[in-house]
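Thanks for making the time this morning. I would like to walk you through one structure, and I will ask you to keep the picture open while I talk.

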Amino acid sequence: MVRGYGPGVSTDPVSRRRFLALSGGGVAGLVIAACSPETVPIDSIATTLPAGSTIPVTGGPVDVEIAMRAISDTVEIKPGVQTDVWRLVAEVTRGDAGVVEPIPGSYLGPTLRLRQGQRVRIVFDNEIPQETIVHWHGLDVPEDMDGHPRFAVPEGGRYEYEFTVVNRAGTYWYHPHPHGLTGPQVYAGMAGLLLVGDDEEDAASLPGDEFELPMVLQDRTFDGDRLVYLPNGMMDQMMGFLGDEILVNGSPDAVFPVAARSYRLRILNGSNARIYKLGWDDGTPLVVVATDGGLLEAPVTRPYVTLGPAERVDLWVDFEPDAIGATRKLVSLPFESGQTMGGMMDSNALIPNGSAFDLASFDVDQAASSTDPLPERLSDLGLSSLDDAVNPTAPRTIVLSFARGTWMLNGRTFQMTEVSPEETVQFGSTEVWEFFNAGGMGGGRMGGVSEGLAHPMHMHGQQFQVLDRTIDDAGRAAWESLREGYVDEGWKDTVLVMPGERVRILRRFTGFPGLFLYHCHILEHEDMGMMRNFLISTT
Ligand code: C2O
Ligand code: CU
Ligand code: CU
């Protein structure tokens with residue numbers, strides 16, 4: 001079966017069903033009925049912070065106001081071809097105009113540059129012919145500001161966000177989150193970077209201004225002036241969609257002219273399903289200064305860096321030893337993806353997960369008058385200790401499996417407002433969670449054969465820390481080909497879990513109470529329902 005895809009064309013029956021279910025549901029005073037015996041009803045959106053919240057600022061005057069729109073547009077991605085896209089555009093309507101920084105010629109949304117402590121108001125207008133809602137990935141915001149699919153607005157609809165930036169400095173991002181439609185909408189172009197700054201980051205004296213290069217890695221398949229999504233239908237959904245070409249910041253064949261000095265690369269894997277094994281083509285090790293939730297305590301060096309969908313990493317790179325005229329390439333190195341699905345692996349991807357390819361060239365074209373040396377110390381992480389956890393030796397386990405034709409979390413798929421007791425945590429607590437990737441078909445890992453896919457697991461709300469990883473024998477070979485590239489030292493909101501792997505994380509639930517999401521960030525899996533609510537309960 002071949003299915004075309006183009007912005008403006010919705011073939012997804014899920015969206016229509018959901019739209020009907022949602023119409024008439026207002027935001028304030030939302031009342032959600034129980035929909036299964038194990039469902040906990042949510043009476044209303046919490047509007048005040050309970051005692052014990054670690055959120056320092058909760059209100060006050062708005063510092064920045066942004067008007068954001070989702071629009072249908074065309075962009076010249078390939079020379080001479082106007083490609084149909086959907087994109088998020090924005091302008092500052094109050095405050096510093098530098099907060100919104102468009103990427104010229106790209107379908108990507110503008111880079112938003114915010115500061116910790118800022119009060120931000122974003123008025124979002126949906127002008128695409130499909131429901132949508134925007135999520136601020138990695139930011140810790142109240143539940144009704146988080147872009148949960150229950151707040152999706154139809155074409156012509158508006159959603160008003162207002163929140164304080166409580167996160168530390170870091171490379172965050174924003175993208176749509178309507179249920180069943182996140183994959184196609186992000187793919188059509190709706191995503192952008194959200195960079196938060198703070199005093200601690202300023203003090204670290206990392207390369208800034210033109211020596212800081214944001215890089216969004218994505219893959220796309222083109223057919224003339226159209227982007228092609230899910231050409232292999234169900235198989236692409238099960239495996240996760242992999243495009244035929246690699247784009248950086250929305251352009252193929254990315255080249256960055258650089259001076260012979262140090263740079264900070266702020267890299268987001270904005271792909272629907274692709275894993276990157278980042279490396280320099282000349283074998284130089286990678287120097288990592290930050291991950292999802294901002295700066296590490298100190299730089300770490302890796303032979304390569306493993307970056308699953310939605311993960312971010314900031315690299316410090318020095319082009320000073322390179323001769324003027326030299327070119328260095330950032331590449332994705334080959335690895336064993338561990339991807340098998342009952343023998344149907346790799347769908348028809350032109351560039352399967354695990355193949356080698358170039359990402360971007362850095363042409364050293366001029367001498368530099370100054371440079372920024374690599375700082376020895378970067379930040380205070382303020383990590384929790386296992387002693388803080390209410391369940392240090394009994395993790396809350398989430399089993400990732402494939403059954404009954406779909407991807408599941410503890411045998412369940414997403415229901416708009418459903419949350420089970422196993423997904424309900426006490427406000428104010430710190431907990432150990434464990435993601436266990438049990439493998440593929442039927443959840444089985446039979447006969448020593450590794451079956452399954454790697455799943456990048458993401459939690460909304462506060463960032464977590466990765467405690468440890470263990471792998472079973474069946475999954476070991478694939479795991480070994482990526483594990484030296486994990487950077488688990490800092491704060492994370494997304495963690496790659498390989499087939500057969502158990503990843504234990506430690507997380508506080510001390511910010512905003514309410515109903516939030518956790519899910520696989522392979523967007524096709526998320527859309528299929530590999531997503532669940534969790535409830536931070538104050539009662
Ligand atoms: Cu990047 Cu629930 O999202
Ligand atoms: Cu998120
Ligand atoms: Cu997945």
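I will begin with the chain as a whole, then turn to the copper sites, the internal spaces and a few individual loop residues.

Before anything else, please keep in mind that this is a predicted model. The chain comprises six helices and 33 strands, and of its 539 residues 62% are buried. If we take the contacts between residues at least 6 apart in sequence, 80% of them join residues at least 24 apart. The surface that the chain exposes comes to about 18900 Å², of which carbon and sulfur atoms supply 52%.

Let me move to the metals, starting with the copper ion that is ligand 2. Which residues of the protein act as donors to this ion? They are His135 and His458, each through NE2, and they lie 1.9 Å from the copper. His135 belongs to strand E6, residues 134-137, while His458 belongs to strand E28, residues 455-459, so this pair ties together parts of the chain that are 323 residues apart in sequence. As for their surroundings, His135 is buried at a relative accessible area of 1%, and His458 is buried as well, at 0%. I would add one caution here, which is that water is not among the atoms, so sites may look incomplete.

The copper ion that is ligand 3 has its own set of donors, namely His455 through ND1, Cys520 through SG and His525 through ND1, at 2.0 to 2.1 Å. Read along the sequence, the spacing of these donor residues is H-x64-C-x4-H. His455 sits in strand E28 and Cys520 in strand E32, residues 514-520, so that pair links parts lying 65 residues apart in sequence. Both of these can be described in terms of burial: His455 is buried, with a relative accessible area of 0%, and Cys520 is also counted as buried, again at 0%. You may have noticed that strand E28 has now come up twice, since it holds His458, a donor to ligand 2, and His455, a donor to ligand 3.

Now to the spaces inside the model. How many cavities of 30 Å³ or more does a search of the whole structure find? It finds one, and the volume of this largest cavity is about 90 Å³. Its lining is made of 14 residues, and those closest to its centre are Thr306, Glu311, Tyr486, Val487 and Lys492. Strand E20, residues 305-307, and strand E21, residues 312-318, each supply at least two residues of that lining, with E20 giving the most, at three residues. By class, the lining of the largest cavity divides into six nonpolar, three polar and five charged residues.

Turning from the cavity to the pockets, I will take the second largest pocket, which holds about 460 Å³ of space. There are 18 residues in its lining, and the closest to its centre are Val166, Asn167, Arg168, Gln462 and Arg508. The lining of this pocket has six nonpolar, nine polar and three charged residues.

Finally, I would like to look at three loop residues. Leu482 is in the loop between helix H5, residues 476-480, and strand E30, residues 494-497, and it counts as buried at 0% relative accessibility. Setting aside neighbours within four places in sequence, Leu482 is in contact with Lys277, Tyr304, Thr306, Phe335 and Met498. Of those partners, Thr306 is also among the residues closest to the centre of the largest cavity, and Met498 is 16 residues from Leu482 in sequence, with 9.2 Å between their C-alpha atoms.

The other two are worth checking for their backbone. Leu230, in the loop between strand E12, residues 226-227, and helix H4, residues 234-239, has a positive phi, near 50 degrees, in a residue other than glycine. Asn410, which is not a glycine either, has a positive phi of about 50 degrees, and it lies in the loop between strand E25, residues 406-409, and strand E26, residues 424-426. Are these two residues buried or exposed, at least in part? Leu230 is buried, with a relative accessible area of 7%, whereas Asn410, at 22% relative accessibility, counts as partly exposed, because the limit for burial is under 20%.

Methods. Residues are numbered from 1 along each chain as its sequence is written. Chains are lettered from A and ligands numbered from 1 in the order in which they are written. This is a predicted model: local features need pLDDT of at least 70, side-chain atom pairs count only at pLDDT 80 or more; totals for chains, interfaces and linings use all residues. Side-chain values use heavy atoms; hydrogens and water are left out. Donors are N, O and S atoms within 2.8 Å of the metal (3.2 Å for Na, K and Ca); water is not among the atoms, so sites may look incomplete. Helices (H or I, at least four residues) and strands (E, at least two) are DSSP runs, numbered from the N terminus. Buried means under 20% relative accessible area, exposed over 50%, partly exposed in between (1.4 Å probe, protein chains only). Contact means heavy atoms within 4.5 Å. Accessible areas come from the Shrake-Rupley method with a 1.4 Å probe; for residues, only the protein chains shown count as cover. On a 1 Å grid over the protein atoms alone, a cavity is a set of points where a 1.4 Å probe fits but cannot get out, and a pocket is an open set with protein on both sides within 12 Å along at least five of seven lines; lining residues have an atom within 4 Å of a point. Grid points are joined across faces, edges and corners, and a volume is the space filled by probe spheres set on the points. Ala, Val, Leu, Ile, Met, Phe, Trp, Tyr, Cys and Pro count as nonpolar, Asp, Glu, Lys and Arg as charged, and the others, Gly among them, as polar.
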